[in-house]
Structures are given as C-alpha cells and as structure tokens.
Amino acid sequence: MEALYPEPVSISDICDRLDCSARSLQPAFLEYGLPSPQDVLTHIRLDRARSYRMEGTMNATQAATEAGLVHMSRFSGLYMRAFSEYPIRTLGSRRSEY
C-alpha cells in the first residue's frame with residue numbers, strides 16, 4: 001500500500017495483487033489491530049500529502065493530487081480530522097514556529 005499510494009488504486013486492485021479477496025483482506029487487517037484497508041490507504045495518502053505540505057514545495061491541491069487524493073472537498077475534511085488543521089494552514093503554521 002505504501003508503494004501504491006499515488007496511483008488511482010482501489011482495494012480490489014490491491015486484492016488482485018495479493019491474490020486474495022476483499023472478504024479475506026478485511027479480517028487480516030482486523031487480526032493485526034488495523035482499521036479497514038481503505039482507511040489505511042487513505043491515512044497513507046494523508047500522511048504523504050502532509051509531508052508535501054510541510055516541505056513547502058506544493059500547494060494543498062498539488063499535495064493532495066500527488067498523494068493520490070482526488071476529491072478536494074473530501075480531502076480537506078479528512079485532513080482536518082487527521083491533523084487538526086486544514087491543509088492550507090500546514091505550511092504557514094510550520095514556518096511561524098521558526
């Protein structure tokens with residue numbers, strides 16, 4: 001999942017690569033105390049988008065797109081829930097600390 005995050009990959013694509021079904025993937029994640037496969041993929045993408053924002057080389061839209069997140073309105077809300085700030089604020093808040 002880490003290697004595939006920027007691609008428009010779905011859980012069924014991941015299952016195909018692993019030669020398993022979605023019905024078997026979900027219990028495997030639960031067995032290891034992980035959230036759903038889709039939640040893990042989304043979090044990987046959000047983490048990557050945050051890294052891009054903190055580097056200061058991309059605006060919020062570019063960071064989301066590069067990280068494989070294509071729905072901008074949904075991205076902003078998910079980002080806020082994950083990091084307690086909107087993506088547009090990430091770069092500015094990090095610069096003001098120095």
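These notebook entries record what I looked up in a predicted model of one protein.

**Entry 1: overall make-up**

I began with the secondary structure and found six helices and zero strands. Reading along the sequence, I wrote the pattern down as α-α-α-α-α-α. I then looked up the extent of the C-alpha trace, which spans about 45 × 25 × 20 Å along its principal axes.

**Entry 2: helix α3**

I next turned to one helix, α3, which covers residues 37-55 and so has 19 residues, counted as a DSSP run. From its first C-alpha to its last, α3 reaches 27 Å, and I noted that this is close to the 27 Å expected at 1.5 Å a residue.

I asked which residues of α3 are buried. The list I obtained holds Pro37, Val40, Leu41, Thr42, Ile44, Arg45, Leu46, Ala49, Arg50, Tyr52 and Arg53. I marked that Arg45, Arg50 and Arg53 are among them, as are Leu41 and Leu46.

I also checked what comes after the helix: α3 is followed by Gly56. The phi of Gly56 is positive, near 80°.

**Entry 3: burial, contacts and surface**

Returning to the whole protein, I recorded that buried residues make up 38% of its 98 residues. For contacts between residues at least 6 apart in sequence, I found that 49% join residues at least 24 apart. The accessible surface comes to about 6300 Å², and carbon and sulfur atoms account for 53% of that area.

**Entry 4: charges**

Lastly, I looked up the charges and noted 11 positive and 12 negative ones. The mean positions of these two groups lie 9 Å apart.

Conventions
Residues numbered from 1 in each chain as written. Predicted model: local features only at pLDDT ≥ 70, side-chain atom pairs only at ≥ 80, totals over all residues. Heavy atoms only, no water. Helix = DSSP H or I, 4+ residues; strand = E, 2+ residues; numbered from the N terminus. Expected span 1.5 Å × (residues − 1). Buried < 20%, exposed > 50% of the residue type's maximum accessible area, 1.4 Å probe, protein only. Contact = heavy atoms within 4.5 Å. Areas by Shrake-Rupley, 256 points an atom, 1.4 Å probe, with all protein chains shown as cover. Lys, Arg positive; Asp, Glu negative; His and termini not counted. Charge placed at Lys NZ, Arg CZ, Asp CG, Glu CD.
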